[in-house]
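Visitor: I would like a close look at one part of this model, namely one helix packing and what surrounds it. Please take the details in order.

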Amino acid sequence: MACSEACTAAGAPVVSDYEPKGTFTKAGSTDVYHSGSGALGVVIVPDIFGFGHKQVLQVADRFADAGFNVCAIDPFHGKPWTKDRFPPKPEHDFMGWLSREASWDKLKPQIDAAVAKLKEGGASKFGCIGFCWGVSIAMQAGQDGHTFSGVGGAHPALFGHDADFAEKVQCPVVLLPAQGDADTGPVQKVLDKRPYGSKCVYQRFDDQTHGFVAARGDWTKPEVAAAAGKAIGIMTDFLKHALGQH
């Protein structure tokens, strides 16, 4: 298995000159980017390009501007998938790299460390938002319904585990697929039956390429910036409801 067709079709990441407002620090041994303050904590999981491209940092700042205490993790420890290896070729062994470097077993301690960091900063309720592959990590984080009150993300890549993740998640979900991304029907079919099913949010952005809210988003284009802003607004509103602030 390689990148999804939508992921490959979206092309290489876009260079951004955004200047982050937050701080780069540590959560345990994990490198993180922290922005914002308050009781509503959000752990952000980037796409495969990690902190190598700044859009995810801008997203974190936008969540902070919306009132969240945000901790974005660097799952690849400064060694994300690089632009020169995109789209991946068979010899790059993309899925092998992803499973070695960013399996749930490897990522869970980083998620836990980010939650602990946010607790130190006053957060008491938590959500987890990912992008592309990162949505699969957020969905697995949502299996811990005692810690997380809402999970999901934009342009999800769930690698065919959609129904399995839905069966195991224990909190409301937000999924915002883009052009070519898989239908959310298998997830909705499961979660519509849950007590929190009405809190879940699903909205397609079929006029946008996969990755438009993260590393593939060229926010110098007004239409892309507007769509990304809309998606961020949907996610922040979802989290405020899921975390019990409305």
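Visitor: Is the crossing of α2 and α8 left-handed or right-handed?

Guide: The crossing of α2 and α8 is right-handed (the near helix is turned clockwise from the far one by less than a right angle; anticlockwise would be left-handed). The model is predicted, so local features need pLDDT of at least 70 and side-chain atom pairs count only at pLDDT 80 or more, while totals for chains, interfaces and linings use all residues. Residues are numbered from 1 along each chain as its sequence is written, and side-chain values use heavy atoms, with hydrogens and water left out.

The helix names follow DSSP runs numbered from the N terminus (H or I, at least four residues, for helices; E, at least two, for strands). α2 covers residues 55–65, and α8 covers residues 222–242. Their axes come within 10 Å and cross at roughly 50 degrees (axes are lines fitted to C-alpha atoms, for helices over the stretch in contact, with angles from 0 to 180 degrees between N-to-C directions). That angle makes α2 oblique to α8 (under 35 degrees is roughly parallel, over 145 roughly antiparallel, 65 to 115 roughly perpendicular, and the rest oblique). On the α2 side the contact is made by V59, R62 and F63, and on the α8 side by G229, I232, M235, T236 and L239 (contact means heavy atoms within 4.5 Å). By class, this contact has five nonpolar, two polar and one charged residues (Ala, Val, Leu, Ile, Met, Phe, Trp, Tyr, Cys and Pro are nonpolar, Asp, Glu, Lys and Arg charged, and the others, Gly among them, polar).

α8 itself has 21 residues, and the distance from its first C-alpha to its last is 30 Å, close to the expected 30 Å (1.5 Å times one less than the number of residues). Its buried residues are V224, A227, A228, A231, I232, I234, M235, T236, F238, L239 and A242 (buried is under 20% relative accessible area, exposed over 50%, partly exposed in between, with a 1.4 Å probe and protein chains only). Besides α2, the buried residues of α8 pack against the strands β3 (40–45), β5 (125–131), β6 (148–154), β7 (173–176) and β8 (201–202). After α8 comes G244, with a positive phi near 80 degrees.

Two strand residues connect this packing to its surroundings. F131 belongs to strand β5 and is buried, at 0% relative accessible area. Setting aside neighbours within four places in sequence, the contacts of F131 include V56 and V59 as well as M235. M235 and V59 also belong to the contact of α2 with α8. Other residues in contact with F131 include I44, A154 and V213. I44 is in strand β3 and is likewise buried, with a relative accessible area of 0%. With neighbours within four places again left aside, I44 is in contact with V56, V59, A60, F63, V70, C71, A72, I73, I129 and F131. After β5 in the numbering comes α5 (residues 133–141), a mostly covered helix in which nine of nine residues are buried. Among these buried residues are W133, I137 and M139.

A second helix pair serves for comparison. α3 (residues 94–102) and α4 (residues 104–120) pack at an angle of about 40 degrees, with axes 6 Å apart, and are therefore oblique to each other. R100, E101 and A102 of α3 meet W104, K106 and L107 of α4. By class, the contact of α3 with α4 has three nonpolar, no polar and three charged residues. α4 has 17 residues and reaches 24 Å from first C-alpha to last, close to the 24 Å expected. Its buried residues are L107, Q110, I111, A113, A114, V115 and L118. G122 follows α4 and has a positive phi, near 100 degrees.

Positive phi values also occur away from glycine. D93 has a phi of about 50 degrees although it is not a glycine. D93 lies in the loop between β4 (69–73) and α3, and is partly exposed at 37% relative accessible area. F159, another residue other than glycine, has a positive phi near 55 degrees. F159 lies in the loop between β6 and α6 (162–168), and at 24% relative accessibility F159 counts as partly exposed.
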